[in-house]
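Student: I've got a structure on my screen and I'd like to learn how to read it. Could you walk me through some features?

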Protein chains: 2
Amino acid sequence: MNGEPLTILLVEDNPDHAELVMRNMEDFQVANTINLVEDGEAALDYLHGRGAYADRKQFPMPHLMLLDLRLPKVDGLEVLKQVKSDAYLRALPVIILTTSDAERDLAMSHEFHANSYVTKPVNFDEFSKLLKDLGFYWLAWNKKPW
Amino acid sequence: MNGEPLTILLVEDNPDHAELVMRNMEDFQVANTINLVEDGEAALDYLHGRGAYADRKQFPMPHLMLLDLRLPKVDGLEVLKQVKSDAYLRALPVIILTTSDAERDLAMSHEFHANSYVTKPVNFDEFSKLLKDLGFYWLAWNKKPW
């Protein structure tokens with residue numbers, strides 16, 4: 001971990017889900033910073049350090065991205081595709097975190113090389129446990145992308 | 001989980017590491033079956049159900065592959081590349097589990113779309129904890145490939 005601050009980029013347009021993820025991740029202290037963006041265009045701008053996200057001090061490169069699929073402007077599968085076809089960005093672990101159980105979403109996520117695909121549990125305690133396990137696995141065990 | 005038997009394919013030529021992984025995974029009961037192959041050629045034969053691995057009852061499709069990099073016959077990066085360029089097999093989560101910290105290994109693993117890259121902890125208790133967290137995350141939370 002080298003004592004570096006760990007950052008999660010959360011891409012989520014449902015405010016209830018976003019709050020649940022952020023509150024849990026803060027409670028578990030798996031990351032130092034969680035930055036929220038609410039559509040796919042903002043996610044890509046953040047990753048490329050463009051426009052409103054040009055300041056890397058305020059918006060550091062994330063070590064993990066939690067990506068919803070149904071998003072305004074640019075949808076989650078397109079964000080995934082662009083990240084995984086970029087020689088630098090593809091090192092970023094992208095976890096699809098969605099309510100969708102649709103075969104097509106899963107198949108396309110595999111085609112575009114999502115690192116992992118997780119469906120949001122309906123039960124609050126289960127969701128909380130998922131976030132703890134997920135945050136810990138990806139930020140403590142998986143090798144950092146940069 | 002649907003009560004289906006969960007299978008891990010462990011690709012590891014170091015007998016001490018293989019034993020450690022298998023014993024821990026059995027203790028934690030995260031999977032029903034762990035099948036070990038000791039080189040990359042056998043890993044590909046297993047996944048394609050070829051030769052000695054033609055019987056899918058005895059050698060069921062795994063839900064997770066733990067893949068070492070330095071392997072006899074066909075090396076781990078080549079196995080990874082072949083799995084991730086196959087439209088069916090690419091759904092299989094491939095976790096690189098290695099002693100290597102080399103930048104090139106990490107970069108190539110990203111290029112060939114490994115799901116995750118984890119270095120083996122030297123400390124026994126740490127290794128044990130890793131296997132528990134890893135097995136649980138991938139087999140309980142990550143959406144099954146088939």
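Student: How many aromatic pairs are there over all chains?
Tutor: Rings of Phe, Tyr and Trp (its six-membered ring) count as a pair if their centres lie within 6.5 Å; planes under 30 degrees apart are stacked, over 60 edge-to-face, and the rest tilted. By this rule, the count over all chains is 14 aromatic pairs. Before we go on: this is a predicted model, where local features need pLDDT of at least 70 and side-chain atom pairs count only at pLDDT 80 or more, while totals for chains, interfaces and linings use all residues. Side-chain values use heavy atoms, with hydrogens and water left out, residues are numbered from 1 along each chain as its sequence is written, and chains are lettered from A and ligands numbered from 1 in the order in which they are written.

Student: Which kind of pair do A:Tyr46 and A:Tyr53 form?
Tutor: A tilted one, at 5.5 Å centre to centre with 45 degrees between the planes. A:Tyr46 also pairs with A:Phe59, and that pair is edge-to-face: 5.7 Å centre to centre, 75 degrees between the planes. The A:Tyr46 and A:Phe59 pair links distant parts of the chain, 13 residues apart: A:Tyr46 is in helix H2 (residues 40-48) of chain A, and A:Phe59 is in the loop between H2 and strand S3 (64-67) of chain A. Helices (H or I, at least four residues) and strands (E, at least two) are DSSP runs numbered from the N terminus.

Student: Is A:Tyr46 buried or exposed?
Tutor: Buried means under 20% relative accessible area, exposed over 50%, and partly exposed in between (1.4 Å probe, protein chains only). A:Tyr46 has 0% relative accessibility, so it counts as buried. A:Tyr53 is buried too, at 16%, and A:Phe59 is buried with a relative accessible area of 16%.

Student: Which residues form one aromatic cluster?
Tutor: A:Tyr137, A:Trp138, B:Tyr137 and B:Trp138.

Student: How do I read the way chain B relates to chain A?
Tutor: Two copies of a chain are related by a rotation about an axis and a shift along it. Here a turn of 180 degrees and a shift of 0.0 Å along the axis lay chain B on chain A with an RMSD of 0.0 Å (least squares on the C-alpha atoms of residues with pLDDT of at least 70 in both). The two copies are therefore related as by a two-fold rotation axis. In chain B, the C-alpha nearest that axis belongs to B:Asn115, 2.3 Å from it.

Student: And empty space?
Tutor: Rolling a probe the size of a water molecule over the atoms shows where empty space is left. On a 1 Å grid over the protein atoms alone, a cavity is a set of points where a 1.4 Å probe fits but cannot get out; a pocket is an open set with protein on both sides within 12 Å along at least five of seven lines, and lining residues have an atom within 4 Å of a point. Grid points are joined across faces, edges and corners, and a volume is the space filled by probe spheres set on the points. The largest pocket holds about 540 Å³. Its lining has 24 residues, with A:Asp101, A:Leu106, B:Asn142, B:Lys143 and B:Lys144 closest to the centre. H4(A) gives the most to that lining, four residues.

Student: How many cavities of 30 Å³ or more does the search find?
Tutor: Three in the whole structure. The largest cavity has about 100 Å³ of space, and among the residues closest to its centre are A:His113 and B:His113.
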